[in-house]
Amino acid sequence: MELLAMSCLCKGSSESLLICNGFKDVEYVELALIARKLSLNTVIVLEQEEELDSVIDVSMKLGVRPVVGIRVKLRTKHSGHFGATSGEKGNFGLTTTQIVRVVRKLEQCGMLDCFELLHFHIGSQIPTTELLADGVGEAAQIYCELVRLGALMKVIDIGGGLGIDYDGSKSASSDISVSYTLDEYAMAVIQAVKLRREWACSRVSPFGFNI
């Protein structure tokens with residue numbers, strides 16, 4: 001039933017991503033990989049390092065190559081009420097050291113090409129585009145390093161955070177308001193990625209980002 005519902009949401013498009021995050025047991029991973037057999041573009045986002053073992057074991061059992069993403073813990077921290085799970089001490093995501101171990105294990109299993117997506121979340125109601133740009137820039141730098149290590153990266157998943165001006169004050173200091181428009185939010189993301197891409201292209205061959 002879940003697969004049928006997701007198939008309808010994706011409307012049969014091979015470019016539509018079905019992001020699979022949250023808690024993952026073996027049954028969850030099996031469902032995500034069976035969905036790939038049904039031509040759904042599922043991406044299993046690792047939020048704990050040990051989840052990789054289940055993904056590798058189940059993919060070998062079913063004979064389905066997964067598409068893998070990782071949620072990274074960024075140094076960038078949202079200090080407001082909605083940023084409690086952000087920063088390096090957040091409850092969710094992998095540190096850069098853990099990500100390197102994942103890369104090595106995928107490489108050993110001949111599955112490094114399955115690693116395509118980098119996900120992060122610095123908290124809901126991001127108050128300013130400056131904070132957003134800091135987070136995107138940090139994630140984009142990690143993305144570039146992953147490409148350098150051999151991962152066939154394709155997507156940066158910002159994972160939410162776009163704030164709503166609930167009280168109409170357009171204030172960066174309020175937990176229920178933000179100081180930017182949707183267009184300004186989008187431009188901050190594009191500019192932050194562009195800056196990191198220019199930096200990366202001076203070190204490795206040019207490559208693209210999907211956001």
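Mentor: A residue is called buried at under 20% relative accessible area, exposed at over 50%, and partly exposed in between, with a 1.4 Å probe and protein chains only as cover. What stands above is a predicted model, where local features need pLDDT of at least 70 and side-chain atom pairs pLDDT 80 or more, while totals for chains, interfaces and linings use all residues. Residues are numbered from 1 along each chain as its sequence is written, and side-chain values use heavy atoms, with hydrogens and water left out.

Trainee: Why is Lys154 called partly exposed?

Mentor: Its relative accessible area is 43%, a value between the two cut-offs, and therefore Lys154 counts as partly exposed. Glu116, with 18%, falls under the lower cut-off and is therefore buried.

Trainee: What makes the contact between Glu116 and Lys154 a salt bridge?

Mentor: The term asks for a side-chain nitrogen of Lys or Arg within 4 Å of a carboxyl oxygen of Asp or Glu; the closest N and O atoms of Glu116 and Lys154 are 3.7 Å apart, so the pair qualifies. This pair links distant parts of the chain, with Glu116 in strand 4 and Lys154 in the loop between helix 5 (129–148) and strand 5, 38 residues apart. Helices (H or I, at least four residues) and strands (E, at least two) are DSSP runs, numbered from the N terminus.

Trainee: How many salt bridges does the structure hold, and what do Asp113 and Arg65 tie together?

Mentor: The structure holds nine. In one of them the side chains of Asp113 and Arg65 meet, at 2.7 Å from N to O. Because Asp113 lies in the loop between helix 4 (96–108) and strand 4 (115–119), and Arg65 in the loop between helix 3 (51–62) and strand 3 (68–71), the pair ties together parts that are 48 residues apart in sequence. Asp113, at 34%, is partly exposed, and Arg65, at 45%, is partly exposed as well.

Trainee: Where do Arg148 and Glu145 lie, and how do you know that they form a salt bridge?

Mentor: Both lie in helix 5, three residues apart, which is about one turn of the helix. The closest N and O atoms of Arg148 and Glu145 are 2.8 Å apart, and so this pair also meets the distance limit for a salt bridge. Arg148 has 47% relative accessibility and Glu145 has 23%, so each is partly exposed.

Trainee: What makes Ile164, Tyr166 and Ile176 a patch?

Mentor: Patches are made of residues with over 30% relative accessible area and no salt bridge, like charges being joined within 9 Å and nonpolar side chains (Val, Leu, Ile, Met, Phe, Trp, Tyr) within 5 Å. Ile164 has 42%, which lies over that threshold, and together the three residues offer about 320 Å² of accessible area, calculated by the Shrake-Rupley method with a 1.4 Å probe and only the protein chains shown as cover. Ile164 itself sits in the loop between strand 5 (155–157) and helix 6 (182–201).

Trainee: How many aromatic pairs does a search of the whole structure find, and is the pair stacked, edge-to-face or tilted?

Mentor: The search finds one. Tyr180 and Tyr185 lie 5.8 Å apart from centre to centre, with 40° between the planes, and the pair is tilted. The definition requires ring centres (Phe, Tyr, or the six-membered ring of Trp) within 6.5 Å, and counts planes under 30 degrees apart as stacked, over 60 as edge-to-face and the rest as tilted. Tyr180 and Tyr185 are both buried.

Trainee: How do you know that strand 2 and strand 3 are paired?

Mentor: Two strands pair if DSSP finds at least two bridges between them; strand 2 (residues 41–46) and strand 3 have three, in the parallel sense, and Ile44 has Val68 in strand 3 as its bridge partner. They belong to an open sheet of five strands with the order 1-2-3-4-5 and parallel pairing. Strand 1 (17–20) and strand 5 stand at the edges with a single partner strand each, so one side of each has no neighbour in the sheet.

Trainee: What is notable about phi in Gln125 and Lys170?

Mentor: Most residues other than glycine have a negative phi. Phi is near 55° in Gln125 and about 50° in Lys170. Gln125, in the loop between strand 4 and helix 5, is buried at 9%, whereas Lys170, in the loop between strand 5 and helix 6, is exposed at 61%.
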